[in-house]
Amino acid sequence: MAAFKTRGSSPLDVRATPLSGARGAGTSLSDSHEPKSELDDGVGNAIMDVQGVEHGLQSFSSATCRCQCGLELQGSLLTRSIRAIMVNYKVEVLGQKREELVYITLTGIADHSQPQRLPFFWGDTISISCKESLGTLLMVKLEARPWPLLINEWYCDKLVVTTPEGDEISFPCYQWLDSKKPVVYLRDDKAKLRTLETDDKLRSQRAEELKERCQDFKWKEFCSGLPWVIDAARAWDLPNEVKFSFTKEMEMAYNIERVLRKLKIETLTHCSQSWGSEEELRSLLHYPNINVYVQDHWKSDEFFGYQLLNGLNPMMLERCTELPQNFPVKEEMVKSCFPESSLQSEMEKGNIFLCDYKRLSGFVGNVISGEQQYLAAPLCLLFSTPEEKLIPIAIQLHQETSRELPIFLPTDSKWDWLLAKIFVRNAEFIEHELHFHLLRTHLLAEVFSVATLRKLPSAHPLFKLLMPHTRYTLHINVMARNTLISNDGIFAKFTSIGHGDEIQRFLTEAMSSLTYSSLCLPDNIRKRGLEKIPNYYYRDDGLELWKIIFEFVGGLLKYYYRGDEDVKEDSELQDWIKEIFQFGFRGNDSTGIPQSFQKVDDLIVFVTMVIFTGSAQHAALNNGQFNFGGWMPNFPSSLRLPPPTKKGEARKKTIFETLPDVNTTVYILAVLYLLSKQSSDRRQLGQYTEELFGDEDARNEIRAFRKALQEFEEKIKKRNEGLKLPYLYLQPTHVDNSVDLSRGHLGRGIFRPLDLWMNVSFFIFD
């Protein structure tokens with residue numbers, strides 16, 4: 001507060017001097033003994049009524065009306081001086097320009113400001129005036145008051161508040177305000193554990209935030225035996241902060257018909273005939289960026305083995321130390337593969353490997369366009385040669401053994417051998433898309449995302465760390481369930497397994513193999529015995545990325561968790577892992593998933609796995625789908641003839657009678673193109689555009705993380721220069737932060753008549 005001196009060296013010299021005393025105390029004017037004018041009386045009234053400034057201004061105005069023009073100028077200056085009694089907070093608002101009423105309230109440890117409306121078109125900053133300092137700022141409240149009959153949505157990035165003392169405080173938001181969520185409370189950008197929260201208002205805010213989130217993000221059982229999912233029948237039902245942002249043009253990017261036109265294959269969609277030859281495939285299918293190497297090498301044994309190491313699914317292969325009892329490969333069968341050695345000797349050296357597709361045993365094929373489809377449950381034996389090539393040496397297409405069911409060998413006719421490999425590649429399609437891609441990346445990422453939203457408040461360091469790795473996860477998964485694996489979705493229409501409840505049955509079988517150690521890449525590689533197999537670029541790059549993520553997570557979390565006691569006492573953290581164990585892994589102890597955390601080191605490993613699963617692992621399994629699967633014979637979604645039971649009967653014609661028809665081919669091609677198409681607004685690994693961490697130590701860890709990724713990028717580029725087929729999928733610039741499949745111009749902060757377009761199907765068939 002201030003006293004005003006109206007007399008001095010100049011009639012325009014109006015000065016403010018500090019006053020002592022409590023708010024509302026009286027103040028005196030200058031000690032001058034000169035006679036007072038009517039203006040002086042008005043000023044005295046104004047200053048005496050400090051608690052009611054407006055009343056004082058009215059008194060001053062009344063006095064001014066009875067004075068000459070010169071005194072009116074003094075009155076104008078006095079008005080400004082009285083405003084100087086107030087303390088001012090400058091607020092920079094970063095976000096979308098909006099058309100709705102938004103009010104802001106600052107809350108400090110001592111008091112709170114009155115709600116003040118943000119102007120429709122503000123400059124760099126706005127000013128909030130208070131009678132006195134609010135004390136240490138705790139929170140900012142934003143309240144949207146929508147206009148009737150209009151779509152009112154406002155996306156706010158963050159607020160930067162400058163206090164009267166000159167402190168600059170950032171309040172991250174990165175949320176939508178609308179009629180569904182009209183009020184948000186923002187904390188500053190300093191992460192804090194609950195045990196260190198000392199203010200009652202902030203403790204209450206944490207609890208209220210989680211209570212609201214638990215209402216917004218509810219669990220739903222998707223299928224008995226599988227991880228639970230978000231309770232949302234459609235993307236429409238999701239809270240805005242986890243939805244895509246659309247424009248009409250962007251929505252059109254998801255239209256399969258548009259993709260078919262782009263690939264110049266829209267005229268083939270109603271053709272149920274077989275392909276006549278590879279030449280016909282090449283001439284009619286136009287690939288914008290196809291990997292020609294796949295077309296030229298898909299039939300070769302070397303490329304067949306390469307794909308099990310570095311293709312779409314590098315997860316099936318394991319070292320074979322003993323042949324399964326139901327796979328009776330004899331020495332004489334494979335003698336030509338190692339003339340100077342033996343099968344037993346090569347197994348002992350660690351050079352024999354196995355892919356066992358036993359989960360597919362007992363499944364009956366789908367019916368597509370009235371035609372029965374087929375699948376197999378193969379076993380495939382492979383040999384890592386002295387030339388460091390992995391090649392198949394024996395394939396059995398059934399899990400049962402009998403004299404009527406042959407084991408196919410490279411020495412058989414080229415059509416018999418090629419047909420056997422095609423059945424393996426179809427089994428790969430199913431295992432890859434449903435087990436390793438859908439279940440082990442998408443559905444698990446959804447579990448981690450929902451648990452994070454429900455159990456970790458925005459001030460928690462783990463929330464700030466994980467939020468970029470949840471981006472668009474819930475939206476894309478809801479759409480996938482509705483359009484890919486629903487009863488009338490892509491799998492039901494165009495794959496050999498996708499009918500009835502067969503997908504759920506297969507996923508339940510796959511769930512039985514889902515363990516904590518299998519999700520941790522170093523343990524996974526050891527368990528499968530693949531530490532030494534040469535040219536396993538997925539392993540090499542994956543382990544390096546795991547290490548980089550592990551060091552980043554460790555450095556950041558150890559800044560907040562100073563010891564094991566901090567972990568044990570963090571009730572929010574313990575609730576988070578309990579939620580993951582219960583809903584993600586069905587409370588199954590045999591999975592090895594922790595039910596609580598006792599040590600910082602254990603927490604670091606688990607969080608490393610969470611980030612790796614949604615970023616690097618997803619990139620390895622998703623981003624090459626069009627490269628490897630765009631050439632249909634290499635990755636058939638369905639097969640139209642049953643697995644052969646005799647040798648010597650296959651011909652070239654048999655191959656194309658077995659492969660998918662034209663209609664199935666073009667639709668699967670369009671889907672794979674969409675799934676692997678890069679988004680223009682993607683967030684690559686380590687690119688955290690949302691500034692959630694205000695602590696300098698945390699920011700330093702992020703900088704070090706990015707630097708390590710850049711250095712690794714250069715290392716991969718140098719390695720790839722010497723490869724015929726470069727391995728790109730774990731190159732950091734090719735890895736996204738999350739399982740985001742938003743392959744289009746989807747971004748935050750874009751005005752979106754959202755709920756109008758959310759009804760439009762992700763895939764439009766007719």
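## Strands 17 to 19, helix 12 and a four-stranded sheet

Strand 17 (residues 379–384) and strand 18 run antiparallel and are joined by six bridges. The model is predicted. This briefing follows strand 18 to its neighbours, then turns to helix 12 and to an open sheet of four strands.

**Strand 18 and its partners**

- Strand 18 covers residues 390–396. Six of its seven residues are buried, so the strand is mostly covered, where buried means under 20% relative accessible area.
- Cys380 has Ile395 of strand 18 as its bridge partner.
- Strands 17 and 18 form a hairpin with five residues between them. Glu388, in this hairpin, has a positive phi near 65°.
- Strand 18 also pairs with strand 19 (residues 407–408). That pairing is antiparallel and has two bridges.
- Ile395 turns up again here, opposite Phe408 in strand 19.
- Strands of a sheet pair through backbone hydrogen bonds, either parallel or antiparallel.

**Helix 12: length, bend and burial**

- Helix 12 runs over residues 414–455, 42 residues in total.
- At 1.5 Å a residue, helix 12 should span 62 Å. Its end C-alpha atoms lie 58 Å apart, which agrees with that expectation.
- The helix is bent all the same: at Leu438, helix 12 bends by about 50°.
- Of the 42 residues of helix 12, 40 are buried, so the rest of the structure largely encloses it.

**Helix 12 against helix 21**

- Helix 21 spans residues 571–584 and packs with helix 12 at an angle of about 145°. The two axes are 9 Å apart.
- The crossing of helix 12 past helix 21 is right-handed.
- On the helix 12 side, the contact residues are Val447, Phe448, Ala451, Thr452, Arg454 and Lys455.
- They meet Glu572, Asp575, Trp576, Glu579, Ile580 and Gly584 of helix 21.

**The open sheet and helix 4**

- Four strands make up an open, antiparallel sheet in the order 5-4-7-10.
- Its edges are strand 5 (116–117) and strand 10 (183–187), each of which pairs on one side only.
- Strand 7 (residues 137–145) pairs antiparallel with strand 10 over five bridges.
- Across that pairing, Met139 stands opposite Arg187 in strand 10.
- Helix 4 (residues 200–216) packs on the sheet. Helix 4 touches strand 4 (101–108), strand 7 and strand 10.
- The direction of helix 4 makes about 45° with that of strand 7.

Conventions:
Residues are numbered from 1 along each chain as its sequence is written. This is a predicted model: local features need pLDDT of at least 70, side-chain atom pairs count only at pLDDT 80 or more; totals for chains, interfaces and linings use all residues. Side-chain values use heavy atoms; hydrogens and water are left out. Buried means under 20% relative accessible area, exposed over 50%, partly exposed in between (1.4 Å probe, protein chains only). Two strands pair if DSSP finds at least two bridges between them. The expected span of a helix is 1.5 Å times one less than its number of residues. The bend at a residue is the angle between axes fitted to the seven residues ending there and the seven starting there. Contact means heavy atoms within 4.5 Å. Axes are lines fitted to C-alpha atoms, for helices over the stretch in contact, and angles run from 0 to 180 degrees between N-to-C directions. A crossing is left-handed if the near helix is turned anticlockwise from the far one by less than a right angle, and right-handed if clockwise.
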